[in-house]
Amino acid sequence: MIGGLLFTFWRFLQIITLIPTLGMLAYFVHQFESQGLLTPNDELVLFIVSVLAAAWAIATVLRRKSTRDSAIFVSFIDVCFIGALIAGVYELRSIANADCTQFSNNGHFSLTINNDGVDADSPFQLNTDKNCAMLKASFAFGIMNCIFFAITAFLLLFMHRKRDDRDVVVKESYRRRSHDSR
């Protein structure tokens with residue numbers, strides 16, 4: 001009971017983090033496709049893995065009964081997704097040290113009091129490169145999903161029930177036929 005609830009909780013976390021990753025990387029795939037260019041491998045690998053992992057996570061949540069019955073197989077597929085997500089994160093590793101946000105201070109602060117109230121002009125400016133931030137978020141979500149899939153694979157190993165534990169009832173019936181024509 002508690003294993004099923006924990007499994008469902010972690011699966012929902014996977015879905016919640018895979019869908020934004022899928023959406024952000026789909027944006028990049030669309031941008032390259034609309035320009036007639038090939039999508040770079042670093043973005044494409046994590047995109048494909050995210051699509052497949054999201055479909056797998058949704059399917060296993062919707063079919064929890066069969067997931068519990070075939071826990072070893074589902075755990076094996078989760079381990080395969082761990083490897084695929086690691087490959088996607090490895091391909092996107094160049095974004096890890098990128099600085100996506102610039103913070104500047106021009107040093108001038110002004111405060112104006114007028115009939116409409118107070119207007120303040122702050123010297124601080126925050127500039128964020130959208131593409132860099134989206135790739136960095138996809139990178140972080142990929143790492144998180146590696147951990148989430150490891151947790152669910154581990155939970156599934158504990159949810160596995162051996163077939164020997166179940167009671168098996170065999171019903172035997174015999175029919176006796178007579179070939180006499182009386």
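**Entry 1: a buried pair**

I began with two charged residues, and both Asp 78 and Arg 11 turn out to be buried. For my notes, buried means under 20% relative accessible area, exposed means over 50%, and partly exposed lies in between, with a 1.4 Å probe and protein chains only. Asp 78 forms a salt bridge with Arg 11, and the closest N and O atoms are 2.9 Å apart. The pair links distant parts of the chain, with Asp 78 in helix α4 (residues 71-91), Arg 11 in helix α1 (residues 2-34), and their positions 67 residues apart. The criterion I used for a salt bridge is a side-chain nitrogen of Lys or Arg within 4 Å of a carboxyl oxygen of Asp or Glu. I searched the whole structure and found one salt bridge.

**Entry 2: ground rules**

I am working with a predicted model, where local features need pLDDT of at least 70 and side-chain atom pairs count only at pLDDT 80 or more, while totals for chains, interfaces and linings use all residues. Residues are numbered from 1 along each chain as its sequence is written, and side-chain values use heavy atoms, with hydrogens and water left out.

**Entry 3: the whole chain**

I counted five helices and four strands. Along the sequence they come in the pattern α-α-α-α-β-β-β-β-α. Helices (H or I, at least four residues) and strands (E, at least two) are DSSP runs, numbered from the N terminus. Of the 182 residues in the chain, 32% are buried. The chain exposes about 12700 Å², and carbon and sulfur atoms supply 61% of it. These areas come from the Shrake-Rupley method with a 1.4 Å probe; for residues, only the protein chains shown count as cover. I also looked at contacts, meaning heavy atoms within 4.5 Å. Among contacts between residues at least 6 apart in sequence, 76% join residues at least 24 apart.

**Entry 4: helix α4**

Which residues of α4 are buried? My list has Ala 71, Val 74, Ser 75, Ile 77, Asp 78, Phe 81, Ile 82, Leu 85, Gly 88 and Val 89. They cover an arc of only 160° around the axis, so they sit on the same side of α4. The arc is taken from the directions from the helix axis to the C-beta atoms. I kept a general reminder beside this: an α-helix has 3.6 residues a turn, so residues three or four places apart point the same way. The cover over the buried residues of α4 includes α1, α2 (41-62), α3 (64-69) and α5 (130-159).

I checked the span too. The expected span of a helix is 1.5 Å times one less than its number of residues. For the 21 residues of α4 that gives 30 Å, and the end C-alpha atoms are 30 Å apart, which agrees.

**Entry 5: helix α1 and the loop after it**

The 33 residues of α1 should span 48 Å, and its end C-alpha atoms are 47 Å apart, which agrees. Just after α1, Gly 36 has a positive phi of about 75°. Thr 39 is in the loop between α1 and α2. Is Thr 39 buried or exposed? Thr 39 has a relative accessible area of 13%, so I noted it as buried. Leaving out residues up to four places away in sequence, Thr 39 touches Val 29, Phe 32 and Leu 44.

**Entry 6: Thr 60 and Arg 64**

Thr 60 is in helix α2, and its relative accessible area of 4% makes it buried. Not counting residues up to four places away in sequence, Thr 60 touches Phe 7, Arg 11, Thr 67 and Val 74. So Arg 11 of the salt bridge shows up again here. Thr 60 and Val 74 are 14 residues apart in sequence and 8.1 Å apart, C-alpha to C-alpha.

Arg 64 lies in helix α3 and is partly exposed, with a relative accessible area of 36%. Apart from neighbours within four places in sequence, Arg 64 is in contact with Gly 4 and Thr 8.

**Entry 7: a nonpolar patch**

Ile 72, Phe 154, Leu 157 and Phe 158 form a nonpolar patch on the surface, with about 450 Å² of accessible area together. Patches are made of residues with over 30% relative accessible area and no salt bridge, joining like charges within 9 Å and nonpolar side chains (Val, Leu, Ile, Met, Phe, Trp, Tyr) within 5 Å. α5 gives the most to this patch, with three residues. Ile 72 lies in helix α4 and, at 43% relative accessibility, counts as partly exposed.
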